[in-house]
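Work through the following exercises with the sequence and the model at hand. Each task is followed by a solution in steps.

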Amino acid sequence: MKTGRLPSLKANIIALGALQGANYLIPLISLPYLARVLGPEGFGKVAFIQIVMQYLIIFTDYGFFFFFVKDLSIERYSKERTSQIFMSTWCAQWLLFLAVVSMLALVVCFTPSLQDDFVYFAAGTSIVFGAVLFPLWLFNGLERFKEVALLQIVVRLLMLIPLFLFVTDSDDIAEAILVTGFTSVISGLLGVWWIQKHEVVSFVCPEFK
């Protein structure tokens with residue numbers, strides 16, 4: 001497993017601090033802009049969709065973060081055990097993703113007050129997709145906080161560019177949601193790329209049980 005030497009505690013603290021700082025600073029740029037461009041109604045719809053997606057992310061997490069970070073930390077020097085834990089957990093998350101997205105589609109389709117916003121909910125599922133795609137709990141279990149911070153900070157900063165380019169008036173609600181979703185998806189793709197590059201795990205299909 002080509003993960004190299006584990007980062008020091010100091011490096012992990014600095015990385016987490018930088019990520020937390022970015023989580024506060026970047027919204028200070030994006031949120032005032034969205035509020036001004038979209039107006040109260042449009043901004044409210046974006047916020048509502050994002051809140052709903054955060055609830056779906058909680059369902060797809062299913063407590064994996066709390067349980068398997070410890071297991072991964074213990075087994076991180078065994079590629080076989082790390083692969084088993086990762087693949088079984090990741091596949092379970094994808095099954096939960098399909099379940100919650102299907103339920104969301106049914107609820108929206110059969111709720112008259114939500115039907116007009118179907119496109120916004122469909123765009124919002126990209127946020128959940130990206131969250132499942134990026135196995136944050138794997139990076140935490142392997143103590144790779146620096147990589148997490150670097151990937152997420154760079155992507156979030158770069159995604160401010162399409163935000164300013166494509167969200168320019170009150171009708172660009174779907175575009176605003178998609179920018180958030182694509183930020184999550186790109187972070188996830190880069191995370192998977194890092195996992196493959198460093199051969200952290202073997203991508204093998206686990207048993208259904």
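**Exercise 1.** In this predicted model, decide whether phenylalanine 134 is buried or exposed, and describe the ring pair that phenylalanine 134 forms with phenylalanine 139.

*Solution.* Step 1: the relative accessible area of phenylalanine 134 is 6%. Buried means under 20%, so phenylalanine 134 is buried. Step 2: phenylalanine 139 has 1% relative accessibility and is also classed as buried. Step 3: the ring centres of phenylalanine 134 and phenylalanine 139 are 5.3 Å apart, with 5 degrees between the planes. Planes under 30 degrees apart count as stacked, and this pair is therefore stacked. Step 4: the structure has twelve aromatic pairs. Ring pairs also join a cluster made of Phe86, Trp90, Trp94, Phe97, Phe129, Trp137 and Phe203.

**Exercise 2.** Find which residues have the most contacts inside the largest nonpolar core, and which helix gives the most to this core.

*Solution.* Step 1: the largest nonpolar core contains 59 residues, and Met53, Phe86, Phe121, Ile177 and Ile195 have the most contacts inside it. Step 2: helices supplying at least two residues each include H1 (9-61), H3 (79-109) and H9 (173-197). H1 gives the most, with 14 residues. Step 3: take phenylalanine 121 and set aside its neighbours within four places in sequence; its contacts are then Phe48, Ile49, Val52, Met53, Leu104, Val108 and Leu114.

**Exercise 3.** Locate the nonpolar surface patch of about 620 Å², and classify phenylalanine 166 as buried or exposed.

*Solution.* Step 1: the patch is made by Leu150, Val154, Leu158, Ile161, Leu165 and Phe166. Step 2: H7 and H8 each contribute at least two of the patch residues. Step 3: phenylalanine 166 is in helix H8. Its relative accessibility is 53%, so phenylalanine 166 counts as exposed.

**Exercise 4.** State how many salt bridges a search of the whole structure finds, then examine each one.

*Solution.* Step 1: the search finds three salt bridges. Step 2: aspartate 117 pairs with lysine 45, with 3.4 Å between the closest N and O atoms. Because aspartate 117 lies in the loop between helix H4 (112-115) and H5, and lysine 45 in helix H1, this pair ties together parts 72 residues apart in sequence. Aspartate 117 is buried at 15%, while lysine 45 is partly exposed at 26%. Step 3: glutamate 75 and arginine 81 form a bridge at 4.0 Å, N to O. Glutamate 75 is partly exposed at 24%, and arginine 81 is partly exposed at 34%. Step 4: glutamate 147 and arginine 144 form a bridge at 3.6 Å, N to O. Glutamate 147 is buried at 13%, and arginine 144 is buried at 4%.

Notes:
Residues numbered from 1 in each chain as written. Predicted model: local features only at pLDDT ≥ 70, side-chain atom pairs only at ≥ 80, totals over all residues. Heavy atoms only, no water. Phe/Tyr/Trp six-rings, centres within 6.5 Å; stacked < 30°, edge-to-face > 60°. Buried < 20%, exposed > 50% of the residue type's maximum accessible area, 1.4 Å probe, protein only. Core = buried A, V, L, I, M, F, W, Y, C linked by side-chain atoms within 4.5 Å. Helix = DSSP H or I, 4+ residues; strand = E, 2+ residues; numbered from the N terminus. Contact = heavy atoms within 4.5 Å. Patch = residues over 30% accessible without salt bridge, like charges linked within 9 Å, V, L, I, M, F, W, Y side chains within 5 Å. Areas by Shrake-Rupley, 256 points an atom, 1.4 Å probe, with all protein chains shown as cover. Salt bridge = Lys/Arg side-chain N within 4 Å of Asp/Glu carboxyl O.
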